[in-house]
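Dear colleague,

Please find the structure below, handed over for your use. My notes on what was found in it follow directly after.

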Amino acid sequence: MTDTDSNGSARSTDSTATSPTRRSLIGWGGAGLALGAAAAGGAVAMTRVGNDVDPAGADAGGAVPFHGVHQAGISTPVQDRLHFAAFDVTTGDRAAFVQLLKDWTAAARRMTAGKAVGEGAYGGLAEAPPDDTGEALGLKPSRLTLTIGFGPSLFTKFDLAGQRPDALIDLPKFAGDALDANRSNGDLCVQACADDPQVAVHAIRNLARIGMGKVVIRWSQLGFGKTSSTTPGAQTPRNLMGFKDGTRNIAGTETDRLDKFVWVGEKDGPRWMTGGSYLVARRIRMHIETWDRTSLQEQEDVFGRDKGEGAPVGKAKERDEPFLKAMKPDAHVRLAHPHSNGGATILRRGYSFTDGTDGLGRLDAGLFFLAYQRDVREGFVRIQRNLATDALNEYIQHVGSAVFAVPPGVRDEDDWWGRTLFAKEA
Ligand code: HEM
């Protein structure tokens, strides 16, 4: 069976994903499993059952194809939930790290198809921990996408300095930034998006588990309520300020604009990034208590759109073309619009968050902003600089920041995350 997705490639949706190799199986379980496996000889793979039965109600529509020219999770339709994790690499062994990327790919291939990792969560050798943690058994694929990125600090390791893309800059400090180092940066990231939060959390947890001894989680962020859309036909979601968010975004079907603003082209360099993109992640705290005491008129002036319909100032409908001069000079939409930024355009894919309270009686809530672009300097940096005078700044603060090079997609069963970067020496 074949299918075509917005990543632009036709492929099989039959996910007879490869199981992890015996070597990787041992690696995941640690020394204890290694001993158990050795004692049992070839029995491990044979006695473990796969928990491979298709999840209840799973259908092709519930699974987003993992293979493609581009990674899924960028131009594919935005799901409802997010679990985003940044990792730091703890191993200095390049071969071990490359093996991890291969093991992660095999696990991601299975999980995005709604299948358990490796040989499953139960039914195996009693002496060994199961390959899969089990909490997603019976759940639908939930359109899970897993998208990997490489942070600037990764290029200081494994002799990768010469491969670092020029476009993968260290972000400059912007006016108003109050960045928490514990919520910023990272050697790697994995963005897990799904319609079921348990499916997204399961995916990150199992990747972290597989990575034990080679990577550690540096920080992670849960998100709910997508604040952007790549499917303009669907109802535009609202952010925690109550406004429609994602109206003027790049749609997954706009292949020309995706090529122009999101995907790294062959001539952009470095070659290993062709078909990839760059991701900027910003944890933006909203002072929602202040916002909630602000008049409706002021709220609408801040964005330059009305709260009910989402129409730009002076227009009737959400999708009407904004007339920027009708907006206040410091309106968010006026300052963020491509016409105010020499045409700069990004693909937004953010989520709302609430992480308890800040200890001062206020919710720690806001927008986990995710933006994909072909070049960070001409995308996020350009727009964010122009937002220095944004009226919205009175109500928000950027408290976390990271940037990643997102490599091209995994083409087929033999391919793996990061191959184009690591293959030569791997
Ligand atoms: C908490 C922070 C933010 C909130 C609540 C917010 C909210 C909004 C809203 C309600 C819109 C109008 C609807 C739409 O077209 O999507 C919008 C538009 C937009 N925002 Fe933001 N935004 C935030 C931060 C940012 C940041 C940091 C950037 C980039 C640096 C950005 C870039 C844009 C762009 C490019 C548009 C579309 C402008 C247009 O083409 O008309 N936003 N935002």
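Arg 385 is found in helix 9, where helices (H or I, at least four residues) and strands (E, at least two) are DSSP runs numbered from the N terminus. With 14 C-beta neighbours inside 10 Å, Arg 385 counts as partly exposed, because a residue is buried if 20 or more other C-beta atoms lie within 10 Å of its own, exposed if 12 or fewer, and partly exposed in between, with C-beta atoms placed from the backbone. Arg 385 and Pro 172 are 213 residues apart along the chain, yet their C-alpha atoms are separated by 9.6 Å.

Please note that this is a predicted model, in which local features need pLDDT of at least 70 and side-chain atom pairs count only at pLDDT 80 or more, while totals for chains, interfaces and linings use all residues. Residues are numbered from 1 along each chain as its sequence is written.

The ligand

The ligand is surrounded by 26 residues, a residue being near a molecule or strand if its C-beta atom, placed from the backbone, lies within 6 Å of it. The closest are Phe 243, Thr 247, Arg 248, Ala 336 and Leu 367. Two or more residues of the shell come from each of strand 7 (277–286), helix 8 (332–336), strand 10 (363–373) and helix 9 (380–386). By residue class, the shell around the ligand holds 16 nonpolar, 6 polar and 4 charged residues. Here Ala, Val, Leu, Ile, Met, Phe, Trp, Tyr, Cys and Pro count as nonpolar, Asp, Glu, Lys and Arg as charged, and the others, Gly among them, as polar.

Helices 3 and 4

Helix 3 covers residues 94–112, and its end C-alpha atoms are 27 Å apart, which agrees with the 27 Å that its 19 residues should span at 1.5 Å a residue. The expected span of a helix is 1.5 Å times one less than its number of residues. Of the 19 residues of helix 3, 14 are buried, and the helix is mostly covered. Just after helix 3, Gly 114 takes a positive phi of about 85°.

Helix 4 (residues 197–210) has its axis within 10 Å of the axis of helix 3, and the two cross at roughly 155°. Axes are lines fitted to C-alpha atoms, for helices over the stretch in contact, and angles run from 0 to 180 degrees between N-to-C directions. Helix 3 and helix 4 are therefore roughly antiparallel to each other, a term used for angles over 145 degrees (under 35 is roughly parallel, 65 to 115 roughly perpendicular and the rest oblique). From its first C-alpha to its last, helix 4 reaches 20 Å with 14 residues, close to the 20 Å expected at 1.5 Å a residue. The buried residues of helix 4 include Val 199, His 202, Asn 206 and Ile 210.

Residues in loops

Which peptide bond is cis, with omega near -10°? The bond in question runs from Gly 269 to Pro 270, and Pro 270 lies in the loop between helix 5 (255–261) and strand 7.

The loop between strand 4 (145–150) and strand 5 (188–194) holds Phe 158. Phe 158 has a positive phi of about 50° although it is not a glycine, and Phe 158 is partly exposed, with 19 other C-beta atoms within 10 Å. Asn 185 also has its place in the loop between strand 4 and strand 5. Its phi is near 65°, a positive value in a residue other than glycine. Asn 185 is buried, with 23 other C-beta atoms within 10 Å.

Ile 346 is in the loop between helix 8 and strand 8 (347–348). It is buried, with 27 other C-beta atoms within 10 Å. The C-alpha atoms of Ile 346 and Asp 375 are separated by 9.5 Å, with their positions 29 residues apart along the chain.

Tyr 122 lies in the loop between helix 3 and strand 4 and is partly exposed, with 13 other C-beta atoms within 10 Å. C-alpha to C-alpha, Tyr 122 and Thr 133 are 9.0 Å apart in space and 11 residues apart in sequence.

A residue in strand 11

Val 399 belongs to strand 11 (residues 396–406) and is partly exposed, with 17 other C-beta atoms within 10 Å. Val 399 and Arg 283 are 116 residues apart in sequence and 5.6 Å apart in space, C-alpha to C-alpha.

With kind regards
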